[in-house]
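Thanks for making the time this morning. I would like to walk through one protein model with you, going from its strands to two of its side chains and then to its cysteines. Please have a look at it first.

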Amino acid sequence: MNKTSLIRIGAAALLSTSAVLGVVAPSHAKGGKLPRIAGIVSSRPAGKVGTWVIGGRSFTATRSTQLDTVEGPLRVGACAKVRYNGSRAIEIDSEPASDC
């Protein structure tokens, strides 16, 4: 068996194992898109950096997290959409209340 065949067998085994275990590849691996959720802002830090709770989930915003307030202020009780990677918020956007 040559090296290429072994790599193909290994890749097939990995895909097979992932399917059986229900492992999902991170969505950013597919076309560069990160997962998003929309929900009500339950809590947020005094500034930008810190823990935000949106839609019942906690996200950590860093200095590099983008905030978009086009649809209104990002305050407690507002509707927001979060683009995230793990628990790190990449972008937090205000959304119309009808989106939540």
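Let me begin with a single pairing: which residue in β5 does Leu67 stand opposite? The residue opposite Leu67 is Ile92 in β5, and I will come back to the strands around that pair in a moment.

Before that, a word on what we are looking at, which is a predicted model in which local features need pLDDT of at least 70 and side-chain atom pairs count only at pLDDT 80 or more, while totals for chains, interfaces and linings use all residues. Residues are numbered from 1 along each chain as its sequence is written, and side-chain values use heavy atoms, with hydrogens and water left out.

So, the overall layout. The protein chain has one helix and five strands, and by these I mean DSSP runs numbered from the N terminus, with helices being H or I of at least four residues and strands being E of at least two. Read from the N terminus, the order of elements is α-β-β-β-β-β. Of the 100 residues in the chain, 26% are buried, where buried means under 20% relative accessible area, exposed means over 50%, and partly exposed lies in between, using a 1.4 Å probe and protein chains only.

Now to the sheet. The five strands close into a barrel in the order β1-β2-β3-β5-β4, with mixed pairing; two strands pair if DSSP finds at least two bridges between them. Going round the barrel, β1 (residues 36–43) and β2 (residues 50–54) run antiparallel and are joined by two bridges, with Ser43 standing opposite Val53 in β2, and a hairpin of six residues leads from β1 to β2. The next pair, β2 and β3, is also described as antiparallel, with five bridges between the strands; here Thr51 has Thr60 in β3 as its bridge partner, and Val53 stands opposite Ser58 in β3. The hairpin between β2 and β3 has two residues in between, and Gly55 in that turn has a positive phi of about 60 degrees.

Where does the pairing run parallel? That is between β3 and β5, which are joined by five bridges, and this is where our opening pair, Leu67 and Ile92, belongs. Then β4 and β5 run antiparallel with seven bridges, including the one that makes Ser94 in β5 the partner of Ala80. These two strands also form a hairpin with two residues between them, and Gly86 in the turn has a positive phi of about 70 degrees. As for cover, seven of the eight residues of β5 are buried.

Let me turn to two side chains. Trp52 lies in strand β2 and, with a relative accessibility of 0%, counts as buried. Leaving aside residues up to four places away in sequence, Trp52 touches a list of residues that includes Val41, Phe59, Leu74 and both members of our opening pair, Leu67 and Ile92, where a contact means heavy atoms within 4.5 Å. A polar atom of the Trp52 side chain also lies 3.0 Å from the backbone oxygen of Lys48.

The second side chain is that of Thr65, in strand β3 (residues 57–68), and Thr65 is buried as well, at 1% relative accessibility. A polar atom of the Thr65 side chain lies 2.7 Å from the backbone oxygen of Ala89, and the residues that Thr65 touches include Lys48, Ala89 and Ile92.

Finally, the cysteines. How many disulfides does the model contain? The count is one, taking a disulfide as a pair of cysteine sulfur atoms within 2.5 Å. The pair is Cys79 and Cys100, with sulfur atoms 1.9 Å apart. Cys79 lies in strand β4 (residues 79–85) and Cys100 in the segment after β5 (88–95), so the disulfide ties together parts that are 21 residues apart in sequence. The torsion about the S-S bond is about 85 degrees, and therefore the disulfide is right-handed. The two ends differ in cover: Cys79 is buried at 4% relative accessibility, whereas Cys100 is partly exposed at 45%.

That is where I will stop, and I am happy to go back to any of these residues on the screen.

Definitions and conventions. Polar contact = N/O pair within 3.5 Å; in protein donor to acceptor, adjacent residues only side chain to side chain.
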